[in-house]
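Dear colleague,

I am handing over the structure we spoke about, and below it you will find my notes on what turned up when I went through it. Please read them with the coordinates open beside you.

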Amino acid sequence: MGNRPGMSAPALRVYDRAVVVVPAHNEKANLPACLRAVLTAALCVPISVSIVVVLDASDDDSAELAGKYGPDVHFVSVEAHNVGAARAAGFAYARSLFADNTECWYATTDADSRVDPGWLIHQLELGADMVLGVVRVTNWRHHSADVAARHAQAYEAGPEYQDGHHEHIHGANMGFSARAYWRVGGFRALASGEDVDLVERFETAGYCVHRDTELSVITSARTQARAPQGFAHYLGQLGRSAAGDCA
């Protein structure tokens with residue numbers, strides 16, 4: 001596959017393959033759209049891409065999806081009840097698949113999210129050790145208009161957002177060098193904040209962390225949180241704040 005106009009070929013040649021890990025807990029309804037989006041993004045890069053779906057304590061028949069998305073989509077099951085452990089298990093499985101992971105690019109998203117077609121290629125062409133993107137919500141049917149407005153105002157606050165940078169960290173939208181990932185110890189078994197913890201260790205180790213508002217992923221505005229302090233919890237707090245103001 002040829003390089004698209006403007007692509008940084010030297011940055012792409014650093015990596016000979018990519019792996020995307022998707023943790024999932026009872027996400028059978030959302031996984032098909034998530035996987036179709038990741039597979040589309042994989043078609044846009046000139047290297048091999050493997051996808052690892054980690055079913056964590058799932059009892060909704062998500063495992064029935066295994067084998068329906070081609071040989072490059074792997075399903076593994078764990079009973080961790082912990083998103084940090086699930087992400088870690090996915091990358092550990094990926095490491096076992098290939099003899100050499102040193103020139104591999106890792107990325108991770110969530111089962112209730114849909115990446116854009118350029119998601120992987122954008123990460124690879126930046127040449128950073130870690131790339132952090134943003135999320136956007138396209139369906140607010142479970143929340144009031146006030147919550148949506150408050151989220152937009154708070155999320156895009158600050159002059160750095162207008163300059164293409166941001167201070168957000170989302171496990172639903174991040175990628176990083178496999179070599180650096182293993183050197184800092186990988187994801188830890190944290191019920192929430194496993195993504196923030198990993199970024200802090202990348203920064204402490206002196207790796208180049210690039211934050212980019214153009215790297216955007218659609219995520220759900222669900223009301224029932226999978227992670228105790230995750231995005232759904234944050235939206236719930238906004239909802240309670242909006243209700244309090246109206247009282």
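**Rings and charges**

The charged end of arginine 95 sits over the ring of tryptophan 182, 4.0 Å from the ring centre. Please keep in mind throughout that this is a predicted model. A second arrangement of this kind involves arginine 17, which lies over the face of phenylalanine 98 at 3.8 Å from the centre of that ring.

Tryptophan 182 also takes part in an aromatic pair with tyrosine 181, an edge-to-face arrangement with 4.9 Å from centre to centre and 80° between the planes. The two residues differ in their surroundings: tryptophan 182 is partly exposed, with a relative accessible area of 24%, whereas tyrosine 181, at 1% relative accessibility, counts as buried, because the cut-off for that class is under 20%.

The count of aromatic pairs comes to 14. One of them joins tyrosine 106 and tyrosine 181 edge-to-face, with 5.6 Å between the centres and 75° between the planes. Since tyrosine 106 belongs to strand S4 (residues 104-108) and tyrosine 181 to helix H7 (residues 178-184), this pair ties together parts that are 75 residues apart in sequence. Tyrosine 106 is buried, as is tyrosine 181. Ring pairs link both of these tyrosines into a cluster with Phe91, Phe176, Trp182, Phe187, Phe202 and Tyr207.

**Helix H3**

Phe91 is also among the buried residues of helix H3, together with Gly84, Ala86, Arg87, Ala88, Gly90 and Ala94. These buried residues pack against strands S1 (17-24), S2 (48-56), S4 and S7 (174-177), and against helices H7 and H8 (194-204). At the N-terminal end, asparagine 82 caps H3, with a side-chain oxygen 3.0 Å from the backbone nitrogen of glycine 84. As for the geometry of the helix, the 15 residues of H3 (residues 83-97) should span 21 Å at 1.5 Å a residue, and the C-alpha atoms at its ends are 21 Å apart, which agrees.

**Strand S8**

In strand S8 (residues 209-219), 8 of the 11 residues are buried, so the strand is largely enclosed by the rest of the structure. Which strands pair with S8, and in what sense? Strand S6 (residues 130-136) runs parallel to S8 and pairs with it over 6 bridges, with leucine 132 standing opposite arginine 211 of S8. Strand S5 (residues 113-115), by contrast, is antiparallel to S8 and is joined to it by 3 bridges; here the partner of arginine 114 in S8 is isoleucine 218.

With best regards

Notes:
Residues are numbered from 1 along each chain as its sequence is written. This is a predicted model: local features need pLDDT of at least 70, side-chain atom pairs count only at pLDDT 80 or more; totals for chains, interfaces and linings use all residues. Side-chain values use heavy atoms; hydrogens and water are left out. Buried means under 20% relative accessible area, exposed over 50%, partly exposed in between (1.4 Å probe, protein chains only). Helices (H or I, at least four residues) and strands (E, at least two) are DSSP runs, numbered from the N terminus. Two strands pair if DSSP finds at least two bridges between them. Rings of Phe, Tyr and Trp (its six-membered ring) pair if their centres lie within 6.5 Å; planes under 30 degrees apart count as stacked, over 60 as edge-to-face and the rest as tilted. A charge sits over a ring if NZ of Lys or CZ of Arg is within 6 Å of the ring centre and within 35 degrees of the ring normal. The expected span of a helix is 1.5 Å times one less than its number of residues. Contact means heavy atoms within 4.5 Å. A polar contact is a pair of N or O atoms within 3.5 Å; within protein, one must be able to donate a hydrogen and the other to accept it, and residues adjacent in sequence count only if both atoms are side-chain atoms.
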